[in-house]
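Q: I would like a close look at one part of this model. Please take me through its nonpolar interior and what surrounds it.

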Amino acid sequence: MKKVLLATALLGASFSVQAAAPGGPGCGWGNLLFEGKSGTGMHLLATVFNGSTGNATFGMSSGTNGCDTSGALTYSGESLLSMNGVLEEVAQDAATGNGEALTALSVSMGIQTEDRAQFNALMHQNFAAIFPRQDVSAGEVMQNITALMQKDQTLAKYV
Amino acid sequence: MRTGLLCLLFCLLAGVTRADDGLATLAKQPRWHALLHINPGATLRDRHRSYVDDDNFFLAEHGADDPFAELRASVAALREPGAERCRFPARYRFIATSLGWHDPQPFAHCADYLQWRASVHAKRAVLVFPAAYLNSPSSMFGHTLLRLDQGEDSAVWLSWAVNFGAMTSEQDNSLFYMYRGLAGGYPGQFNLVPYLKKIQEYSHMESRDMWEYSLDLNQAQIDWIIDHLWELKEINFDYYFFDENCSFRLLELIEVARPGTGVLDELRFAELPVNTVRSLDQRGLITERHYRPSKQVELEAFSEGLSADERSLARALADDPGLADSDAFRAYPAERRALMAQTAYRYVRFVHRKEDRSEAVAGQSFALLRLISTLPAVAPPRATGKAPPESGHGSQMIAAAAGQLGGDDFGEFSYRLTYHDLLDNSLGFPEGAQIQGLGLTVRSTESGAPELEELQLVGIRSFSPRDQFAKPLSWYVEGGLERAWAGRRRLVRYLQGGAGASWRYGGWQPYLLASARAENNSEFSEVVTPGGGGEAGMLYHAGRWQWQLSTAGHYFTNDVYRHRSRLAVQYALSQQQGLRAQVEREGWRGGDDTEFKLQWRWYYD
C-alpha cells in the first residue's frame with residue numbers, strides 16, 4: 001500500500017480509495033445503515049482516469065443492488081429506494097425533515113410541488129413508523145409510506 | 001440511338017455528380033464533423049481524422065479518415081428503416097433534415113433505442129466539476145462530467161451523469177495502470193449513470209465539493225447530445241490523461257449540440273478540466289453556478305455552528321446515543337439538541353463511510369436518527385465562503401527573483417509546469433494542499449555564469465487538519481535536483497517524504513512531520529545516502545496574505561547533519577500575479593548561510 005502510494009504520487013497522479021462491490025462499477029456505496037447484505041470489499045483503484053472496470057453502464061442500470069445492468073431505470077418510488085445508499089439518505093432526510101433525497105423520492109412518486117411540504121412533514125412525524133428497525137428493507141419502507149399516505153387527506157391521491 | 005444512350009449516360013453521371021457535390025458540401029458541415037468526432041486541429045494526434053478508435057462506429061471502410069465517404073455510406077445505409085438507423089439516430093436526423101427525408105416515425109422499428117430514449121431525456125444540461133480534495137492533491141487537476149436534468153430543479157438525484165473515462169482492467173497493477181493511462185493504452189468510453197451515484201462517489205466517499213454549471217443549451221441542442229450519446233454506446237476512443245480526457249470529450253459533445261462555439265478551435269497539449277470551465281464561461285455558455293458541499297464540509301459547518309461544550313457533547317453522543325437521556329443533554333433547548341444530534345449522526349456516518357456494515361454502527365446510527373426525528377426540524381448550517389475553482393490562478397507559472405546569499409547578489413528565473421504550492425494565491429484552491437510538477441530555477445550571480453539552482457520533478461504536500469471529528473494523515477513527497485551543502489554548495493539529487501499531522505485554529509495551521517531523505521551527490525561516498533529527520537511548521541492565511549514558517553532537518557547515515565529554516569510570505573497581487581518574499585537559513589555542522597529573496601510570480605494558462 002505504502003509502496004503503491006509512493007509510486008503513484010511520484011508519477012504525479014492522484015490516488016484515492018474507491019469502494020466497489022464485485023458486481024461492477026459504482027455498485028457499492030458500502031457500509032449501509034439499512035442494506036447490510038451487500039457488503040463491499042475495499043479495493044484500491046486509482047481514479048485518475050475516471051474510469052470504470054468491466055462494462056460501461058449506459059443508462060440501463062437499476063435493480064436492487066444498483067449493479068444490475070438489465071432493465072431501464074424507471075425511478076418509481078420503490079426502485080429509487082432500492083438503489084444502494086438511497087434508503088439511508090431518505091432516512092436521514094426523514095429524520096431531519098427535509099433534503100434532496102426526500103425531494104427526489106417525492107418527485108419520483110409524482111407528488112406535486114405544493115404538496116411536498118406535507119410529504120416531508122409526514123415523513124418527519126412518522127419516522128419511527130416508517131423505519132421501525134435498523135435493518136428494514138426498501139420494500140417495507142415503501143409499504144409503510146404508502147399506508148401513511150393513504151390515511152393522509154392531501155397525499156392519499158398519490159397512492 | 002447512340003446519341004440517346006450517350007445522353008442518358010451523361011445525364012446519369014451529371015445527376016450523380018450533382019448529388020455528390022451536394023453531399024460533399026454537407027460532409028464539410030461542422031455538425032457532421034462533430035458527429036464523427038473529427039479532430040479539427042485541437043490536439044496533435046489524429047489531426048483531421050476521427051478520434052473514435054472503433055470500427056463499429058463507421059459505415060464506410062475509411063470512414064475515420066474520410067467524412068465524405070462516411071456520409072455517402074451513411075446516406076445509403078440510413079435511407080431505409082433498418083438496423084443501422086437504430087444505431088445512428090443523430091446521424092439520421094442530420095441527414096434527413098439536410099436531404100429532406102420525411103418519415104413521420106423513423107425509429108418505429110427500434111425498440112431498444114425507443115425504450116432507452118424514453119428513460120433518458122433532459123430539459124437542462126449541467127457541467128459538473130468535482131473539486132480537489134485533501135489527501136489527494138493531484139485531484140487538483142480535477143474532473144468534469146455532464147449532468148442531464150429531467151426537469152425539476154431540486155430533484156437532481158433523478159438526473160443522469162454522462163461520464164467519459166478509461167476502461168481499465170482490475171488485473172493491472174497500479175504502476176502499469178498509470179503508465180497505460182498516460183500513454184494511451186486504455187480505451188475510453190462514455191457511460192451514463194444516475195447522478196446520485198456520482199454524488200455518492202465524490203461528495204460522500206471522497207469528500208470532494210462539487211461545482212455545477214448550467215449550460216446555455218436549449219431543448220433541441222440537448223436532444224442532439226442525447227441522440228448522439230446513443231451512437232457512442234460501447235464505442236471506444238483512445239484515452240489520454242493529458243489531452244484526450246474526460247473534459248475534452250465533453251467539449252466534443254457540446255460541439256455536437258452547438259457547432260461553431262469555437263471550444264475546439266485552439267490547439268492544446270493538455271485539457272485541464274478547470275480550463276474547460278473557464279473556456280465555456282468565456283464563451284458565455286454558462287448561465288448559472290451551484291455549489292454542492294461535500295459531506296465532510298457539511299459536517300464541518302455543523303461542527304462550527306456549535307459551542308465548544310456542545311461540540312464535545314455531540315462527539316460523546318456519537319459514541320453513546322444513550323447520552324440523549326442525560327441531564328447534560330436535556331438541559332439544552334430543543335433546537336440546539338437537534339443540531340448536536342445531527343452533528344453526531346453525520347460524524348458517525350462520515351467516519352464509517354468506507355467500512356462494511358456492522359450491526360453496532362448501524363444500531364448507533366439508527367438510534368441517532370430516531371433521536372433526530374423526535375427533535376424539531378432545523379435549518380442546516382450552510383457551508384459558505386468557498387471560491388469556485390475557475391477563480392484560481394493559472395496552471396503554469398514563470399517567476400523572476402532577486403536576492404542575496406551569504407553576501408553574494410543573485411538574479412533568478414523560474415518556470416513551473418504545474419500547479420500550486422502552499423504559498424501560491426489560494427483563491428479557488430484547497431488550503432494546505434500542494435502539487436508541483438517540473439519546476440525549474442536558473443540562478444545567475446555577479447561572479448559566475450547562470451547555473452541550474454533547482455529542478456523539482458515532483459513536490460506534493462497534503463496537510464489535512466485534524467479535529468474532534470476527523471483524524472487524517474498529513475504527508476509529503478518531493479524529489480529532484482537542488483543545491484545543498486556537501487563540502488561546498490553543490491547540486492544534489494534527492495528524494496524525500498514524510499508523514500505526520502496538522503491542525504487548524506482560525507487562520508493558523510501548524511504541522512509536524514517525520515521525514516526521510518535519500519540523497520546522491522558527488523561528495524558523499526555512498527551512491528545513495530539515506531537520512532532521517534523531521535519538519536515542523538506553521539501556515540497562516542489571512543485575505544491575500546499567506547505566510548509560512550518552517551524548519552526541517554535531516555541526519556544522514558554518514559554522520560552529516562543539515563537543517564533549513566524558512567520564513568516566507570506571499571501577497572496575491574491579483575488572480576494571476578503574486579509577490580513573494582522569503583528568508584532562508586541553511587545550516588550544517590560547522591557553518592551556515594542565509595538567503596533573502598524577493599520574487600514576482602506570474603501564473604498563466
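Which residues have the most contacts inside the largest nonpolar core, and how many residues does that core have?

A: A note before the details: this is a predicted model. The largest nonpolar core has 117 residues. Leu127(B), Ala341(B) and Ala344(B) have the most contacts inside this core. Helix α15 of chain B, residues 334–351, gives the most to the core, with 8 residues. A second core is separate from the first and has 11 residues. Among its members are Phe57(B), Ala64(B), Ala166(B) and Tyr239(B). As general background, nonpolar side chains tend to be buried together in soluble globular proteins.

Start with Leu127(B). Beyond four places in sequence, Leu127(B) contacts Thr144(B) and Leu146(B). Its other contacts at that range are Tyr213(B), Leu215(B), Leu250(B), Val277(B) and Leu280(B). The domain assignment gives residues 124–292 of chain B as domain 2.

Now helix α12 of chain B. This helix covers residues 295–304, and 7 of its 10 residues are buried, so the rest of the structure largely encloses it. The buried residues are Lys295(B), Gln296(B), Glu298(B), Leu299(B), Glu300(B), Phe302(B) and Ser303(B). Their cover includes α15 of chain B. Helices α8 (195–205) and α13 (308–319) of chain B are also among the covering elements.

Step back to chain B as a whole. Chain B has 16 helices and 20 strands. Its C-alpha atoms fill a box of roughly 110 × 75 × 45 Å along the principal axes. Of its 605 residues, 41% count as buried. Take the contacts in chain B with a separation of 6 or more: 62% of them join residues 24 or more positions apart. Four domains are assigned: domain 1 (23–119), domain 2 (124–292), domain 3 (306–374) and domain 4 (392–604). The C-alpha centres of domain 1 and domain 3 of chain B lie 57 Å apart.

His37(B) is another buried point to inspect. His37(B) sits in the loop between α2 (30–36) and α3 (67–78) of chain B. Why is His37(B) counted as buried? It has 23 C-beta neighbours inside 10 Å, and the cut-off for buried is 20 or more. Not counting residues up to four places away, His37(B) touches Ser50(B), Tyr51(B), Val52(B) and Glu252(B). Arg311(B) is 274 residues from His37(B) along the chain, and their C-alpha atoms are separated by 55 Å.

Next, the strands further along chain B. Strand β15 (residues 508–520) of chain B runs antiparallel to strand β16 (residues 529–542) of chain B. The two are joined by 12 bridges. Within this pairing, Tyr511(B) stands opposite Gly537(B). β16(B) also pairs with strand β17 (residues 545–556) of chain B, in the antiparallel sense, over 12 bridges. Here Ala542(B) has Trp545(B) as its bridge partner. β16(B) and β17(B) form a hairpin with 2 residues between them. Gly543(B), in the turn, has a positive phi of about 55°.

Finally, chain A. Chain A has 7 helices and 3 strands. Along the sequence they follow the pattern α-β-β-β-α-α-α-α-α-α. Buried residues make up 55% of its 159 residues. Of the contacts in chain A with a separation of 6 or more, 51% are between residues 24 or more positions apart.

One residue of chain A leads back to chain B. Thr96(A) lies in helix α3 (residues 86–96) of chain A. Thr96(A) is buried because 26 other C-beta atoms lie within 10 Å. Beyond four places in sequence, Thr96(A) is in contact with Gln342(B), Ile372(B) and Ala377(B). Gln342(B) belongs to the contacts of Thr96(A), and α15 of chain B covers residues 334–351. Within chain A, Thr96(A) and Ala138(A) are 42 residues apart along the chain, with their C-alpha atoms separated by 19 Å.

Mind the confidence in chain A. Its average pLDDT is 63, and 51% of the residues score at least 70. Over residues 1–32 of chain A, pLDDT stays under 50. The model has 97 contacts beyond four places in sequence for that stretch. Over residues 60–74 of chain A, pLDDT also stays under 50, and the model has 37 such contacts. Predicted coordinates should not be read in detail where pLDDT is low.

Key. Residues numbered from 1 in each chain as written. Chains lettered and ligands numbered in written order. Predicted model: local features only at pLDDT ≥ 70, side-chain atom pairs only at ≥ 80, totals over all residues. Pairing = 2+ DSSP bridges. Helix = DSSP H or I, 4+ residues; strand = E, 2+ residues; numbered from the N terminus. Buried ≥ 20, exposed ≤ 12 C-beta atoms within 10 Å, placed from the backbone. Contact = placed C-beta atoms within 7 Å. Domains from an automatic or database assignment. Core = buried A, V, L, I, M, F, W, Y, C linked by C-beta atoms within 7 Å. pLDDT = per-residue confidence, 0-100.
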